[in-house]
Amino acid sequence: MPAMILPDCGLRALRNPAECPAMPQFSSKRRLHHSAPQMFDLVADVERYPEFVPLCKSLKIRQRTPKPDGTEIVIADMTISFKLVREAFTSRVTLDRPNLKIMAEYLKGPFSNLENRWSFEPKTDVDCDVGFFLAYEFKSRMLAMLMGTMFDTAFQRFAAAFEKRADAIYGKAGVGTPR
């Protein structure tokens with residue numbers, strides 16, 4: 001799976017590059033042998049994350065708000081855990097079914113920034129390209145030192161965990177290929 005962890009701070013880097021330390025990023029694009037709507041549904045089913053997502057120990061939905069444009073806004077609390085470290089954070093997840101996109105934005109917790117985007121591009125009726133992007137930065141340097149390397153490793157396995165889950169739910173139609 002092609003993956004990159006790149007330093008980048010988005011708009012903050014444009015305003016004042018000296019203020020912006022490198023923020024870890026992970027991205028991948030993978031062709032999967034499942035339909036785009038199936039993969040959208042799987043990623044949108046956030047309540048199931050503790051069953052298969054690396055580091056996710058619990059997830060609680062605070063609020064669901066359907067919008068007239070076909071999108072849905074979900075506010076969720078997720079608890080992540082590794083060894084003795086346990087942290088909780090709140091995100092706003094925009095489920096954009098009409099465009100087959102999902103975006104999670106950080107609201108509260110141990111990060112100064114957390115952004116996660118998914119895209120599901122149909123290739124055939126049974127194949128799609130799944131794009132995954134994640135960037136994060138901890139508020140605390142100490143927490144970044146404790147969890148940073150472990151987070152990098154976990155996030156590299158993150159997209160693969162969803163692929164494995166899709167195979168378990170929808171059946172294994174073939175082997176995913178890097179894009």
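Trainee: Why is Ser-81 called buried?
Mentor: Its relative accessible area is 9%. Buried means under 20%, exposed means over 50% and partly exposed covers the range in between, using a 1.4 Å probe and protein chains only. The value of 9% falls under the 20% limit, so Ser-81 counts as buried.

Trainee: Before we go on, what kind of model is this, and how are residues counted?
Mentor: This is a predicted model, in which local features need pLDDT of at least 70 and side-chain atom pairs count only at pLDDT 80 or more, while totals for chains, interfaces and linings use all residues. Residues are numbered from 1 along each chain as its sequence is written, and side-chain values use heavy atoms, with hydrogens and water left out.

Trainee: Which residues does Ser-81 touch, and what makes them contacts?
Mentor: Leaving aside residues up to four places away in sequence, Ser-81 touches Leu-55, Lys-57 and Arg-86. They are called contacts because heavy atoms lie within 4.5 Å. Ser-81 itself sits in strand β3, residues 71–82.

Trainee: What makes a stretch like β3 a strand?
Mentor: Strands are DSSP runs of E with at least two residues, helices are runs of H or I with at least four, and both are numbered from the N terminus. By that rule the chain has three helices and eight strands. Along the sequence they follow the pattern α-β-α-β-β-β-β-β-β-α-β.

Trainee: You mentioned Leu-55. What is notable about its phi?
Mentor: Leu-55 has a positive phi of about 75° although it is not a glycine. Leu-55 lies in the loop between α2 (36–44) and β2, and at 11% relative accessibility this leucine is buried. Leu-100 is another non-glycine residue with a positive phi, near 55°. Leu-100 is in the loop between β4 and β5, and its relative accessible area of 15% makes it buried.

Trainee: How do you know that β5 and β6 pair?
Mentor: Two strands pair if DSSP finds at least two bridges between them. Five bridges join β5 (residues 101–108) to β6 (residues 111–122), so the requirement is met, and these strands run antiparallel. Glu-105 stands opposite Glu-115 in β6. The hairpin of β5 and β6 has two residues between the strands, and there Gly-109 takes a positive phi near 140°.

Trainee: How many bridges support the pairing of β6 and β7?
Mentor: Eleven, again in the antiparallel sense. Trp-118 has Phe-132 in β7 as its bridge partner, and a hairpin of five residues joins β6 to β7.

Trainee: Why is the pair of Tyr-106 and Phe-111 called edge-to-face?
Mentor: A pair of aromatic rings is described by the distance of the centres and the angle of the planes. Rings of Phe, Tyr and Trp (its six-membered ring) pair if their centres lie within 6.5 Å; planes under 30 degrees apart are stacked, over 60 edge-to-face and the rest tilted. The whole structure has 13 aromatic pairs. Tyr-106 and Phe-111 are 5.8 Å apart centre to centre with 85° between the planes, so they qualify as a pair and as edge-to-face. Tyr-106 is buried at 17% relative accessibility, and Phe-111 is buried at 1%.

Trainee: What makes a nonpolar core, and which residues have the most contacts inside the largest one?
Mentor: A nonpolar core is a set of buried Ala, Val, Leu, Ile, Met, Phe, Trp, Tyr and Cys residues joined through side-chain atoms within 4.5 Å. The largest has 43 residues, and those with the most contacts inside it include Ile-102, Phe-111 and Trp-118. Ile-102 touches, among others, Phe-40, Val-43, Leu-95, Trp-118 and Phe-120.

Trainee: How do you know that Glu-137 is buried?
Mentor: Its relative accessibility is 10%, which means that Glu-137 counts as buried. Glu-137 lies in strand β7, residues 128–138. The C-alpha atoms of Glu-137 and Ser-112 are separated by 5.6 Å, although these residues are 25 apart along the chain.

Trainee: How much of the chain is buried overall?
Mentor: Of its 179 residues, 45% count as buried.
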